[in-house]
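Reader: I'd like to go through the ligand site and a pocket with you. Mind if I keep asking how you know things?

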Amino acid sequence: MATYARLPVAFRRGEGAWLWDTEGRRYLDAVAGIAVCGLGHAHPAVTQAVCEQAGTLIHTSNLYGVPLQAELAERLCRQAGMDAAFFCNSGAEANEAAIKLARLHGHRRGRGSPRIVVTDRAFHGRTLATLTATGNPRIQAGFDPLVEGFVRVPYDDLAALERVAGTEPEVAAVLLESIQGEAGVIVPDPNYLAGVRAVCDREGWLMMVDEVQTGMGRTGRWFGHQHAGCLPDVTTLAKSLGNGVPVGACLARGDAASLFGPGSHATTFGGNPLACRAALAVVETLEREDLITRAGDVGERMLADLRARLAGRAGVSEIRGRGLMIGVALERPCQVLAERALEHGLLINVTGERVVRLLPPLVIGDDEAEQIVETVAALVSGFLEGEIA
Ligand code: PLP
């Protein structure tokens, strides 16, 4: 079904930060499968893990013990400060699990019809519940009736959250991104997440942070919320968790970690040996090679270089980001830049209509990072000067 307006290119092979199309042409990849291939393409550790596991055991079902799943849960929980994991296959499913946890939590606390606070311009997925949680009317259009039980507030607005606390007795949880990705790389005030944590503590709400795009080192810490020094009750992962092998996770701690019992949630494929082995290879590589610190450093340099070249130019509204999640926000729609970048052998993404988003792999080299900055700066300049329309 035609769910995507695809760009006119198709790829056959990849290595590190590079892709080769069906004609043999090479492209520098500053999209990384939309923040999925954090270790780059064809990373040897993931390749070896997947090949070995495929020749040993791919799937058994969750009716039986899955040792690799237990090992992955332990490794992820250690990094995230969490107590338990539910594994699934995508970001939307991870958020569905979080939404169900919030409902159970609410009922346990006597809310007859529990509600979840979500934010304007959020993106949490495309299933019915997650598209309802998503704050984009275009994504919701045509799919009503939407799911009940959500209250929406502006992102990065603690006063709005306080107003909900004062007027909405049925709230059970808050679900939000640590940096809004699809909205255009919106980095909140440094005190925002800690403020959300304080309101959740006071009100008995679960703080649920969607780290699907921001997780696994992209922002320079394992999880985006770690920059704020606060610990959520629930956090969700997917995208780069498996470096391209589909795997998602909903992690929880404290009381939230024991809300699900046998029969309350399930998945056929989730957490199978193949997916868990791939994710373990990702976790081990991130731990061994300190790519996360590097993501923070390289990202900071790219941001500074982009600002040096473009900040203050007429038509540029803001250049922002954290680690290897960078947005160049322009004043008018600029989707055409993704197509023009292709002609220059570069993959970039445009989100929120007017934000050039860069999500290169964490393994990006210094020269490659510089090349991305040079090309993006030249393309944006051409666009601002009317040479690219
Ligand atoms: N949450 C966030 C923050 C995302 O960026 C995305 C995808 O872009 C999702 C959830 C949905 O993930 P998936 O497409 O794997 O369902």
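Author: Go ahead; what follows covers the ligand's surroundings and then the pocket, and keep in mind that this is a predicted model.

Reader: What makes the pair between the ligand and the side chain of Asp210 a polar contact?

Author: The cut-off is 3.5 Å between N or O atoms. A nitrogen atom of the ligand sits 2.7 Å from an N or O atom in the Asp210 side chain, so the pair qualifies.

Reader: And how do you know that Gln213 and Ala92 make polar contacts with the ligand?

Author: By that 3.5 Å limit again. For Gln213, a side-chain N or O atom is 2.8 Å from a ligand oxygen; for Ala92, a polar backbone atom is 2.8 Å from an oxygen of the ligand. Both pairs therefore count. As for cover, the protein takes up 81% of the 390 Å² of accessible area the ligand has on its own.

Reader: Which residues come nearest the ligand, and which helix gives the most to the shell?

Author: Of 13 residues around the ligand, the nearest are Gly91, Ala92, Asp210, Gln213 and Lys239. Helix α4, residues 91–108, gives the most, with three. By class, the shell has three nonpolar, six polar and four charged residues.

Reader: On to the second largest pocket: what makes Phe86 and Phe260 nonpolar parts of its lining?

Author: Phe is on the nonpolar list, and both are among the lining residues nearest the centre, along with Ala85, Phe87 and His265. The lining's classes are 14 nonpolar, six polar and no charged residues. Strand β4 (84–88) supplies the largest share, four residues. The pocket holds about 430 Å³ of space.

Technical notes: Residues numbered from 1 in each chain as written. Predicted model: local features only at pLDDT ≥ 70, side-chain atom pairs only at ≥ 80, totals over all residues. Heavy atoms only, no water. Near = heavy atom within 4 Å. Polar contact = N/O pair within 3.5 Å; in protein donor to acceptor, adjacent residues only side chain to side chain. Areas by Shrake-Rupley, 256 points an atom, 1.4 Å probe, with all protein chains shown as cover. Helix = DSSP H or I, 4+ residues; strand = E, 2+ residues; numbered from the N terminus. 1 Å grid on protein atoms, 1.4 Å probe; cavity = no way out; pocket = protein on both sides within 12 Å on 5 of 7 lines; lining within 4 Å. Points joined across faces, edges and corners; volume = space filled by probe spheres on them.
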